[in-house]
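Colleague: I'm new to this one. Could you show it to me and let me quiz you on the words you use for it?

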Amino acid sequence: QMKNISKIRKNIDSNYMEIYADYFGCSLLTLFTQDNLEFETIEDEVEAFLYLLKKFIDSGLILVVSPLSGEKEKIIQNIKFWDTTSDAIIEYIRQKLPKNLNSLYGRINDNDSFVKFWYKDCPDIRWVNRKTGKIY
């Protein structure tokens with residue numbers, strides 16, 4: 001598994017700006033189902049998704065709205081964003097993943113887990129235009 005992780009990260013490191021261009025403005029669900037990169041297992045796909053999201057957050061290309069009340073917030077262009085580290089955001093999402101990762105696709109008969117994760121637990125995101133800094 002760890003061998004895969006470094007391969008996944010290299011893959012994303014060299015492709016993430018292309019994914020940014022192709023998926024700018026999309027939801028996390030759409031970003032998760034991106035088809036620029038292919039993975040052997042769903043576990044790899046989840047790791048890739050979390051690493052990609054962390055990379056976008058660290059690069060200032062994605063801002064995250066806190067899914068929890070009472071969290072520290074920062075206001076940018078009149079929008080309240082979660083004022084925490086990318087690691088904390090990724091850890092939050094990781095804790096909320098459905099037990100059966102196949103639920104993430106909504107393909108199995110487990111629509112509740114699909115809806116709960118993507119539409120209730122997952123934070124909202126906004127994309128930052130790299131050239132203008134404008135938030136979408």
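Modeller: Ask away, and I'll set each value against its definition.

Colleague: What should I know about the model before we start?

Modeller: It's a predicted model, where local features need pLDDT of at least 70 and side-chain atom pairs count only at pLDDT 80 or more, while totals for chains, interfaces and linings use all residues. Residues are numbered from 1 along each chain as its sequence is written, and side-chain values use heavy atoms, leaving out hydrogens and water.

Colleague: How many helices and strands are there, and what makes a stretch count as one?

Modeller: There are five helices and four strands. Both are DSSP runs numbered from the N terminus: H or I over at least four residues for a helix, E over at least two for a strand. Along the sequence the pattern reads α-α-α-β-β-β-α-α-β.

Colleague: How do you know whether the radius of gyration agrees with a compact globule or disagrees?

Modeller: The radius is taken over C-alpha atoms, and the globule rule is 2.2 Å times the number of residues to the power 0.38. For 136 residues that gives a value near 14 Å; the protein has 15 Å, so the two agree. The C-alpha trace spans about 40 × 35 × 25 Å along its principal axes.

Colleague: Why is Ile-135 called buried?

Modeller: Buried means under 20% relative accessible area, exposed means over 50%, and partly exposed is in between (1.4 Å probe, protein chains only). Ile-135 has 10% relative accessibility, so it counts as buried. In the whole protein, 43% of the 136 residues count as buried.

Colleague: What does Ile-135 touch?

Modeller: Contact means heavy atoms within 4.5 Å. Not counting residues up to four places away in sequence, Ile-135 touches several residues, including Leu-63, Ile-76, Phe-81 and Val-128. Ile-135 lies in the segment after E4. Its C-alpha is 8.5 Å from that of Leu-63, although the two are 72 residues apart along the chain.

Colleague: What makes the buried residues of H5 line one face?

Modeller: In H5 (residues 111-121), the buried residues are Phe-114, Phe-117, Trp-118 and Asp-121. Seen down the axis of H5, they fall within an arc of 130°, so they line one face of the helix. That arc is the one made by the directions from the helix axis to the C-beta atoms. On the other side, Asp-112, Tyr-119 and Lys-120 are exposed. Cover for the buried residues of H5 includes helices H2 (28-32), H3 (42-58) and H4 (86-96).

Colleague: What makes a group of residues a nonpolar core?

Modeller: It's a set of buried Ala, Val, Leu, Ile, Met, Phe, Trp, Tyr and Cys residues joined through side-chain atoms within 4.5 Å. The largest has 40 residues, and Leu-31, Phe-56, Ile-62 and Trp-118 touch the most other members. H3 gives the most to this core, with 10 residues. Apart from it lies another core, of five residues, among them Leu-63, Phe-81, Val-128 and Ile-135.

Colleague: How do you know that E2 and E3 pair?

Modeller: Two strands pair if DSSP finds at least two bridges between them. E2 (residues 73-76) and E3 (residues 79-82) have four bridges, in the antiparallel sense. Ile-79 in E3 is the bridge partner of Ile-76. The hairpin has two residues between its strands, and Gln-77 takes a positive phi near 45° there.
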